[in-house]
Amino acid sequence: AKRLGRNRCVSFTAEMNQQMQQRINLETFLHGAVAAGQLQLVYQPKVSLHTGGIVGCEALLRWHHPQLGMIPPDQFIPVAEESGLIVPISAWVMRTACLQAKAWFDAGLPRTTVAVNISAYLLQQDLSVWTLDVLQETGLAPELLELELTESMIAQDVERTIGIFDRLTAVGIRLSIDDFGTGYSSLSYLKHLPVDTLKIDKSFVDNMLIRSEDEAIVRSVIRLAHSLKFKVVAEGVETAEQCDVLRAYRCDEIQGYYFSKPVSAQAFETLLREGTRL
Ligand code: C2E
Ligand code: CA
Ligand code: CA
Ligand code: CA
């Protein structure tokens with residue numbers, strides 16, 4: 001038993017070292033990623049269940065490293081957050097997404113909003129000053145920019161967060177709560193925030209047709225959200241069946257592989273241009 005304990009301890013330490021080493025490597029590589037042009041945004045359409053047309057998109061970050069290959073955001077965003085690199089990376093994301101949406105607008109394509117994911121770490125800076133600067137610089141109409149925030153980031157410092165959110169929405173920027181249902185906020189709490197959209201987390205959508213509890217959650221969240229005047233987007237929609245059920249529950253928009261995976265700016269533009277519908 002003693003030997004087993006020691007072995008376990010040894011392998012645990014080795015594993016920890018390996019993880020730490022990996023993290024240090026990622027951090028080193030990530031430092032150069034923006035400058036080296038290794039970051040890219042892909043865009044996933046949001047489709048209206050009322051009209052069947054594309055109404056917006058979410059910008060999602062991709063990192064192609066020449067040696068490491070494609071590193072998913074779930075792996076490098078935490079590293080970026082802990083190292084502080086999230087600030088320059090987010091600045092790049094915001095600027096690139098706004099420039100892209102402005103280009104689509106200038107090209108006369110059907111109206112589309114662009115949503116950017118906001119890390120909780122950015123609330124330490126004044127997110128509102130920073131975002132307004134990008135809008136001014138790129139010339140994008142504030143109404144076409146949406147920020148996706150998570151519940152956990154709001155719970156941290158409510159007063160300060162509300163102040164920042166108020167300054168953003170005052171100029172017309174839209175705010176939505178991402179991964180809704182996985183955090184701690186209640187709808188009654190949310191009604192005090194200048195938020196207008198809830199995104200139902202993929203995990204509920206995944207299980208909706210399998211477990212009646214998840215179906216009940218989805219149905220009640222949509223109904224309650226609507227009675228509080230929130231728009232509801234379901235994320236991670238993969239099948240026609242899920243889409244039909246969500247439509248029957250009066251969900252407003254869907255985002256998911258069923259309509260389209262995240263695609264390049266050029267491919268998204270083609271979807272807009274051709275008026276591709278659900
Ligand atoms: P998220 O904000 O919840 O984004 C939705 C994720 O679900 C994306 O993963 C998207 O590709 C994936 N997805 C959408 N529809 C489907 C579907 O039908 N099936 C499946 N299996 N997946 C679907 P992705 O692009 O890997 O991003 C993962 C997370 O990384 C995001 O989750 C977000 O939290 C974070 N992230 C991505 N880009 C950024 C960014 O620019 N800044 C920050 N701070 N975080 C980002
Ligand atoms: Ca998101
Ligand atoms: Ca989400
Ligand atoms: Ca998620």
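The legends below accompany four close-up views of this predicted model.

**View 1. Strand S1 and its hairpin partner S2.** Strand S1 spans residues 39–48 and is mostly covered, with nine of its ten residues buried. Its neighbour here is strand S2 (residues 54–65), and the two pair in the antiparallel sense over nine bridges. To find your way along the pairing, look for Val47, which stands opposite Ile54 in S2. S1 and S2 form a hairpin, and five residues lie between them. While you are at the turn, have a look at Gly52, where phi is positive at about 85 degrees.

**View 2. Strand S1 also pairs with strand S9.** S9 covers residues 253–255 and pairs with S1 in the antiparallel sense over two bridges. A handy landmark in this view is Ser48, which stands opposite Glu253 in S9.

**View 3. The calcium ion (ligand 3) and its protein donors.** The coordinating atoms come from Asp178 (OD), Asp179 (OD) and Glu235, the last of which is listed with two OE entries, and the distances run from 2.2 to 2.5 Å. Along the chain, these donors follow the spacing D-D-x55-E. Distant parts of the chain are linked here: Asp179 belongs to strand S6 (residues 174–180) and Glu235 to strand S8 (residues 231–235), 56 residues apart. Asp178 also deserves a second look, as this residue bridges the calcium ion (ligand 3) and the calcium ion (ligand 2), with 3.9 Å between the two ions. How buried or exposed are Asp179 and Glu235? Asp179 has a relative accessible area of 27%, so this residue is partly exposed. Glu235, in contrast, counts as buried, because its relative accessibility is 11% and the cut-off for buried is under 20%.

**View 4. Helix H11 and its buried side.** Helix H11 runs through residues 265–273, and its buried residues are Ala265, Phe268, Leu271 and Leu272. Those residues cover an arc of only 120 degrees around the axis, so they sit on the same side of H11. Turn to the other side of the helix and you will meet Gln266 and Arg273, which are exposed. What do the buried residues of H11 pack against? Their partners are S1, S2 and helix H3 (86–106), which brings us back to the hairpin strands of the opening view. After H11 comes Gly275, which has a positive phi near 65 degrees.

Methods:
Residues are numbered from 1 along each chain as its sequence is written. Chains are lettered from A and ligands numbered from 1 in the order in which they are written. This is a predicted model: local features need pLDDT of at least 70, side-chain atom pairs count only at pLDDT 80 or more; totals for chains, interfaces and linings use all residues. Side-chain values use heavy atoms; hydrogens and water are left out. Buried means under 20% relative accessible area, exposed over 50%, partly exposed in between (1.4 Å probe, protein chains only). Helices (H or I, at least four residues) and strands (E, at least two) are DSSP runs, numbered from the N terminus. Two strands pair if DSSP finds at least two bridges between them. Donors are N, O and S atoms within 2.8 Å of the metal (3.2 Å for Na, K and Ca); water is not among the atoms, so sites may look incomplete. The arc is that of the directions from the helix axis to the C-beta atoms. Contact means heavy atoms within 4.5 Å.
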